[in-house]
Structure formats: C-alpha cells, structure tokens
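Work through the exercises below with the sequence and the 3D view open. Each task is followed by a solution in steps.

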Amino acid sequence: MGSSASPDSPPGNGPPLRLLFWELTDRCNLRCVHCRASAHPEASPDELTTAECFGIVDQIAALGRPIVVLTGGEPLYRPDLLEIARRAVAAELPVALATNATLVGPDLADQIVAAGIERVAISFDGAGPETHDAFRGVPGSFSQALRGLRLLRERGMPLQINCTITQHNVAELEAIYALAVQEQVAALHFFLLVPVGCGAQIAEEKQLEAAQYEDVLNWLCARSREAPMQMRATCAPHYYRIVRQRATAEGTTVTRETHGMAAMTKGCLAGTGVCFLSHRGDVQPCGYLPVVAGNVRETSLARIWASAPLFAALRDDARLSGKCGVCEYRRVCMGCRARAYYASGDYMGEEPFCLYEPQVSP
C-alpha cells in the first residue's frame, strides 16, 4: 500500500468537504442502461484492498466529517463492505449506503443496521416492474429491490429512493412519487441523466430536452412543498435557479440547510463541496465527470482536495464560459460540469441542457 494510505500528509486548506461518494467496486449484478460505471460482475484487478480502504477512512476523517456514501457498481458485492462501514462509523463519519437492494435479505438487513449506517439509498427507475426492469436489464429486479427496501424499513433504517429520469420514465413522475409516499421513505432524489459510461450510449434516445428538464424541475419544486419526505434534484443544478425564481415571483425566501443528509446549498458542488473516489483510488470532482484530480495511492486525499489544479478551476466561477459565465445565477447553479464536458470537452463550458437565457446588463 502506497504512502498515501496513511493520513500523514497535512490536511491543507481547501473548502470543507461535505460529501464523498466512494465507489468501493465497479462490480454489479444488474445491467443498467444508464450506468455511470459500465459495471460488470468481475472484480477489477486494481480494486482497492481492505487495508487500503481502512487507511482511506482515516484520511477522510482527517478532513472533517463529510458524509461518506458507499456506492458502486453494487457495493454489496464487496465482502468487506460492512467492515469498511464500521471503520468509518468508528471514525465518527456519517455513513450512507447506495445500493440496488436486490441482494438484501433478512440477515444482511440486520447487519446493515447493526453496522451503524445512517441511511440507505435504493434505486428505482420506474414506478413498477415493467419500466424499472427494462431499464435495469434484469427481470424481477423491481420486486427484489422493493423486498430489500421493506426489510430495511422494518428494521428502522431511514431510506431514500433514487430515480434517474429519462424519456423512458418521465411520464411516471407522479407514480414514482406515490411509490415513495407509500413506502414511507425519508427522501426522494431525482437524478437527471448525465451521458457518461453506458449513459453516453443512450443519451441521444433517452436524454430529456432542455424544455423537459425545466418542466420536470418546476414539477419537483412545486411537489416538494407538500411532500411528506425530503425531495431533491441531483445532477440538475438549474433546479436551484428555478427555486429562486419561483421564490422571487412569490415574494418568499429560500431557506438553505447546509449540513446533514438533507443539505441544500447550491447546484453543482463537484470539486467544491463534493468529490468522488473510484474503486482504484482515483479522485474525481464527481462520479459523472471523468477527469482525475489525483490518486490516493500516490497522494493523500487531503493534499488532492486542497491543491489539485482541477479543483481550483471548479472553485472559481469566473472561469465559467458561455452563458454560464455571464449568468446571474451562476453562484447558486454553476451548471452541470459533467454535461458541459460531455458536450464540448470543456468542463468549464456552458451547461448544454439549460434553456435559461441570462439577463446580461448592457
């Protein structure tokens, strides 16, 4: 294990790291058509070892108390998942688990709760089996995920439903919301497709048009006001513009919660409050922006977070180009840096799926 696996480097002076998505493996038992990771069932030869993961937990703790989301692929494919979770909990880090839940049975549900994980996020990409199973690529995956969700709920685990919105399920928004209400989840997060990994292969067919994005985000803004759970748009930073536009029109004030699982700060936090750690130790601004800031096998996470030129660029909104660079909402939105990269090869370019025209002063 490289020297970077121990927290002996100075923590640096970057902005607070709020949320770290940790891809423990790129293995998975499903074949989702939109997958960021192009997941597969075999372990990669360069997957981080258990010992390396323990060292990384210590590095994360040296940076503060960011929420650590254990994800994949399917993180339950790693036999040491719960050991890593317990190590993080012992380091006083808030830990969440993102899973497709198809592998969760009664015993595993007990173990997940006992490990001290604070929330489990489960992916549902349709309101029923027909839509979900087609998107996930495996018949029966909807019923298996629902079973896993209910086993965890019965044991008192706070739950979150994640749903990626594309052309295949945009007509099911209300039905997906009804499913979340029925299952009494704590949160419902809608992800807007980012065209990377398998998602790039279906982008032309499945990607929402800019006007549809606007409609979906306005629906979400209105629905969230009466929802019995926390609702959020992810990978849709212009949602934060819409929230403020609606508040201005109504003469109300936007309340910002800056900490915890329900934090609402600004749109794209890639490299500013959020980062992604891959199964091989690469540090990226987010899981959808395939540009590497460094690798924890070579450089400490603290040094990468504080000093990587990639992160310095993302923290400077003056470097935004196109209409994002002149938009009066850029500090609360930033545009999706991953979609900009997909569209132009420039991660500081303009968000290609936003129809808003900035009100530029003459």
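**Exercise 1. Find which backbone oxygens the side chain of Gln284 reaches, and place this residue in the fold**.

Solution.
- Start with Leu289: its backbone oxygen is reached by the side chain of Gln284 at 3.1 Å.
- Next take Cys286, whose backbone oxygen lies 3.2 Å from a polar atom of the Gln284 side chain.
- Both distances come from a predicted model.
- Locate the residue: Gln284 belongs to strand 9, residues 282–284.
- Check exposure: the relative accessible area of Gln284 is 10%, and the cut-off for buried is under 20%, so Gln284 is buried.
- List neighbours, leaving out residues up to four places away in sequence: Gln284 touches Cys275, Phe276, Leu289, Pro290, Val291, Val292 and Phe311.
- Compare sequence with space: Gln284 and Asn295 are 11 residues apart along the chain, and their C-alpha atoms are 9.0 Å apart.

**Exercise 2. Determine which strands stand at the edges of the sheet, and describe the surroundings of strand 7**.

Solution.
- Write down the order: the open sheet has 10 strands, arranged 7-6-5-4-3-2-1-8-9-10, with mixed pairing.
- Read off the ends: strand 7 (230–234) and strand 10 (294–295) each have a single partner strand, so one side of each has no neighbour in the sheet.
- Examine the partner of strand 7: strand 6 (residues 187–192) runs parallel to strand 7 and is joined to it by five bridges.
- Pick out one bridge: Ala187 is partnered with Gln230 in strand 7.
- Add the helix: helix 8 (residues 210–224) packs on the sheet and touches strand 6 and strand 7, its direction making about 160° with that of strand 7.

**Exercise 3. Identify the residues that touch the most other members of the largest nonpolar core, and follow Trp22**.

Solution.
- The largest nonpolar core has 94 residues, and those touching the most other members are Trp22, Ile112, Ile117, Phe190 and Phe311.
- Setting aside residues up to four places away in sequence, the contacts of Trp22 include Leu48, Cys53, Ile56, Val57 and Leu277.
- Cys53, one of these contacts, has 0% relative accessibility and therefore counts as buried.

**Exercise 4. Count the disulfides, and test Cys324**.

Solution.
- Recall the chemistry: a disulfide is a covalent bond between the sulfur atoms of two cysteines.
- Apply the cut-off of sulfur atoms within 2.5 Å: the count is zero disulfides.
- For Cys324, the nearest cysteine sulfur is that of Cys333, 6.3 Å away, and Cys324 is in no disulfide.
- Finish with exposure: Cys324 has 9% relative accessibility, so Cys324 counts as buried.

Definitions and conventions
Residues numbered from 1 in each chain as written. Predicted model: local features only at pLDDT ≥ 70, side-chain atom pairs only at ≥ 80, totals over all residues. Heavy atoms only, no water. Pairing = 2+ DSSP bridges. Helix = DSSP H or I, 4+ residues; strand = E, 2+ residues; numbered from the N terminus. Contact = heavy atoms within 4.5 Å. Axes fitted to C-alpha atoms, helices over the stretch in contact; angles between N-to-C directions. Core = buried A, V, L, I, M, F, W, Y, C linked by side-chain atoms within 4.5 Å. Buried < 20%, exposed > 50% of the residue type's maximum accessible area, 1.4 Å probe, protein only. Polar contact = N/O pair within 3.5 Å; in protein donor to acceptor, adjacent residues only side chain to side chain.
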